[in-house]
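Dear colleague,

I am handing over the structure we spoke about, and below it you will find my notes on what turned up when I went through it. Please read them with the coordinates open beside you.

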Amino acid sequence: MSTASESKLRIGVAGLGRAFAVDFSANAYGTVEELCADPTVEVIYVATPHQWHARHALLAARHRKHLLVEKPIALTLQECTAIIDAARSAGVHLVVGHSHSFDAPVRRLRNLIESGRYGDMRMINAINYTDYLYRPRRPEELDTTLGGGAIFNQAAHQIDIVRLLGGGRVESVRAATGAWDKTRPTEGAYAALLMFANGAFASLTYSGYGNFDSDEFQGWIGEMGQKKMPYAGSPRRRFDNQQDEIAFKNARNYGGPEFRLSAGQDLAHQNFGTLLVSCERADLRALPNGVMIYQNGSAQLDALPAPTIPRVEVIDELYDAVVRNQPPLHNGAWGMATLEVLLAILQSSREKLEVRLSHQVSR
């Protein structure tokens, strides 16, 4: 993080809402166009719904603003190319995130792999079971064509993670998806096998149908680093119509009358389910407090200090790009490569075939 004597980023957020302006005495804008036109803003954080990412990112680039775009960067490869070209033409940096590949345990795991002490990385297993699909949703969040469903929202995390650990370049994808509830008409589950250019492979499994909770494997530390009560959720809420569901969600979102801040700081690092990497001489498992190393019949924790600021890694990467002109890891090409895998999962499931990829980049 920056010190008091260093530059501060002047960030404008597209999609935050007027409540922030009241709570923090910040400027509010009627449109994204007005936000991008403000000469005092140097970075636009595109946090609008997925189907608007490309339009708003292009708008910000035309105003020569640096870009932080929520994952996925866009919904088509053509949109990705347009965003990347616009940022390059404007001479601005582009960072895609947040995904859980920013998490400190994942970064530590990558460092351990790159140290070479455990031999070459050969296989990755990533497993996550959540209640994703049954959290309150807006209509577009249940429409795959608008960027809804588990592939665009959840697989983006797992793909970013395994690409970071596997070297980045995925050669082929074979996948199946599940859409098992007609009242939530989008993908709620998937399984995928990714083959990397270096010969390694990754197996991904995800379910958002809210039965088993894989945080059980994380010592009941949730995705955001918070402690959880085992299977203490309330019965699944049913809504009479879309308007009731939207109202319920909005009331509990930031700025809503029933919004409540979490008490205290996160207790542990954020995580995205079970992540187990097999190297030639050890298995490595990411945990909310570090990386467990399994080798020669023993297990040892490579511990990490507790986090101080949630998702600080995202801001650090953005800061280093904008202020220090350091090329970001999660740049436009990285985001496009992840999107290509997401689209391949959908295609492979639909057409029941292996999909070869051509827009991959190394980390």
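Is E280 buried, partly exposed or exposed? With a relative accessibility of 43%, E280 counts as partly exposed. Please keep in mind throughout that this is a predicted model, and that the values below are computed from it.

The salt bridges are a good place to begin, and the structure holds 15 of them. E280 takes part in one with R122, where the closest N and O atoms are 2.6 Å apart. Because R122 belongs to strand β5 (residues 121-129) while E280 sits in the loop between β9 (274-279) and β10 (283-287), this pair ties together parts that are 158 residues apart in sequence. R122 is itself partly exposed, its relative accessible area being 41%.

A second salt bridge brings together the side chains of R10 and E42, with an N to O distance of 4.0 Å. R10 lies in the segment before β1, and E42 in the loop between α2 (32-37) and β2, so here the parts tied together are 32 residues apart in sequence. The relative accessible area of R10 is 44%, which means that R10 is partly exposed. Another pair consists of R324 and D320, whose side chains meet at 2.6 Å, N to O; R324 is again partly exposed, at 38%.

Beyond these pairs, R137, R138, E140, E141 and K249 are joined into one network by salt bridges that share partners. K249 is placed in helix α7 (residues 242-252), and, leaving aside residues up to four places away in sequence, K249 touches P136, R137, R138 and E141. This lysine counts as buried, at 12% relative accessibility, where the cut-off for buried is under 20%.

Turning to the strands, four of them form an open sheet with parallel pairing, in the order β1-β2-β3-β4. The edges are taken by β1 (11-14) and β4 (94-96), each of which has a single partner strand, so one side of each is left without a neighbour in the sheet. On average, and ignoring direction, neighbouring strands of this sheet are turned by 15° against each other. Between β1 and β2 (residues 43-46), which run parallel, there are four bridges, and V13 has Y45 in β2 as its bridge partner. Helix α8 (residues 312-322) packs on this sheet and touches β1, β2, β3 (66-69) and β4, its direction making about 160° with that of β3.

Finally, a word on the cysteines: why does the structure hold zero disulfides? The sulfur of C36 has its closest cysteine sulfur in C80, and the 18 Å between them is too far for a bond, given that a disulfide requires sulfur atoms within 2.5 Å. Seen from the other side, C80 is in no disulfide either, the nearest cysteine sulfur being that of C36. C36 counts as buried, at 0% relative accessibility, and C80 is likewise buried, with a relative accessible area of 0%.

With best regards

Definitions and conventions. Residues are numbered from 1 along each chain as its sequence is written. This is a predicted model: local features need pLDDT of at least 70, side-chain atom pairs count only at pLDDT 80 or more; totals for chains, interfaces and linings use all residues. Side-chain values use heavy atoms; hydrogens and water are left out. Buried means under 20% relative accessible area, exposed over 50%, partly exposed in between (1.4 Å probe, protein chains only). Two strands pair if DSSP finds at least two bridges between them. Helices (H or I, at least four residues) and strands (E, at least two) are DSSP runs, numbered from the N terminus. Axes are lines fitted to C-alpha atoms, for helices over the stretch in contact, and angles run from 0 to 180 degrees between N-to-C directions. Contact means heavy atoms within 4.5 Å.
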